[in-house]
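Open the model in your viewer and show side chains as sticks. The stops below concern salt bridges.

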Amino acid sequence: MLLLSEGMATVSVRGVYFILTLFLGSFFGSVFMLGPVLPVMLLSPAWYRWLTDRIVATWFTLPVALLELVFGVKVIITGDGFVPGERSVIIMNHRTRLDWMFLWCCLLRHSYLRLEKICLKAALKAVPGFGWAMQVASFIFIHRKWEEDQTHLTNMLEYFCDIRQPLQLLIFPEGTDLTANTRARSDEYAEKNGLPKYEYVLHPRTTGFTFIVEELRKGDNLDALHDITVAYPHSAPQTERHLLAGTFPRQIHFHVRRYPVCSLPEETAALQAWCQERWAEKEERLRAFYSSQRFDEADAVVPPCKSELRVTLIKVASLCYWNAFIAFSFLGLWLWMPLRIYFLVVLSFFLVQQKVMGGVELIELACHQRLKRMNDGPGKKKD
């Protein structure tokens, strides 16, 4: 592997290829694939969501294809299965800042990538390409200030319930990834509240978790909760900088526990305690994993909704499509003036709308609320 060093920065050729391919795919995909369907949200946000979910899902297959086909990452999945198409909340320990992307390797086999939404920090929406695609995908961006986040969460969850579009919402109750600093803060919290100190996980924040579960359950838009434990027996990239340096996991292990919504506690305090119990289990499960390099239930086979042949064909098609798409995007911009004009118009839209409206997902939400008021009629009052 060729490494280029400058001071403390180390960059690998394969790391640059990985990051650059994902960036260009999301950048050109936002402009040329998602841009043409943006006007649909003005007419029908529900149809717009149906279309864009499927377009964005094609990009989700790209990192899976790169990780597994190009870099040889092995994915091992044990535990319970997913019911294809079911509506769920996914909770997972946050070992690295990139767990959300690695999870797509699991969901490609055992669910449908078009269903996934992620609850993540608001700063990410400003990243060109990646952030634009996340906005169009209607991810839920939070500021980690409950007074602000509660209103936004309410509006977004009500929207998903209104349009009856199935979703699987990934949240990280720990709030941040596991590092020496975050573990120290978790230990301080444990000491202050008389809780045990954890080595492999952080103590979860249960306010957002319980609120999301209760809102989706109230809107009759929740079938199950999936509790996923992720583990990396060898090296794992903690941040995007480690990816750039070419640090890829050799193996990623996912252990899945599925809880039907009817089995979850009804009361808020009981649901908070339930979440804390799951994290205590994760600590013990991960302690056992890192001593044996496997989960105890390693013999359990999760029934996939796609065969390995189908998954392989999807990954191959993804690599071929996205590499060709990126190449033709450059070629089209070089050769065709109308395409350059379109490119500049859509690029300007993404840059301006974020400063004016705060994000494409907020425009989508506003369109839905306007149409909902029109359908309700002037004589109807909201409860």
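Is Glu 308 buried, partly exposed or exposed, given its relative accessibility? Select Glu 308 in this predicted model: its relative accessibility is 45%, so Glu 308 counts as partly exposed, since that class runs between the 20% limit for buried and the 50% limit for exposed.

Now add Arg 109. The side chains of Glu 308 and Arg 109 meet in a salt bridge, with N to O at 3.1 Å. Glu 308 belongs to helix 11 and Arg 109 to helix 4 (residues 99–110), so this pair links distant parts of the chain, 199 residues apart. Unlike its partner, Arg 109 counts as buried, because its relative accessibility is 8%.

Stay on helix 11, which covers residues 308–335, and select Lys 315. Its side chain forms a salt bridge with that of Glu 68, at 2.7 Å from N to O. Glu 68 sits in helix 3 (residues 45–70), so the pair ties together parts 247 residues apart in sequence. Both Lys 315 and Glu 68 are buried.

Next, select Glu 191 and Lys 197. They form a salt bridge whose closest N and O atoms are 2.6 Å apart. Glu 191 has a relative accessible area of 54% and is therefore exposed. Lys 197, at 48% relative accessibility, counts as partly exposed.

For the last selection, take Arg 49, Asp 53, Lys 117 and Glu 364 together. Salt bridges with shared partners join these four residues into one network. To look for others, note that the count comes to 19 salt bridges.

Terms used: Residues are numbered from 1 along each chain as its sequence is written. This is a predicted model: local features need pLDDT of at least 70, side-chain atom pairs count only at pLDDT 80 or more; totals for chains, interfaces and linings use all residues. Side-chain values use heavy atoms; hydrogens and water are left out. Helices (H or I, at least four residues) and strands (E, at least two) are DSSP runs, numbered from the N terminus. Buried means under 20% relative accessible area, exposed over 50%, partly exposed in between (1.4 Å probe, protein chains only).
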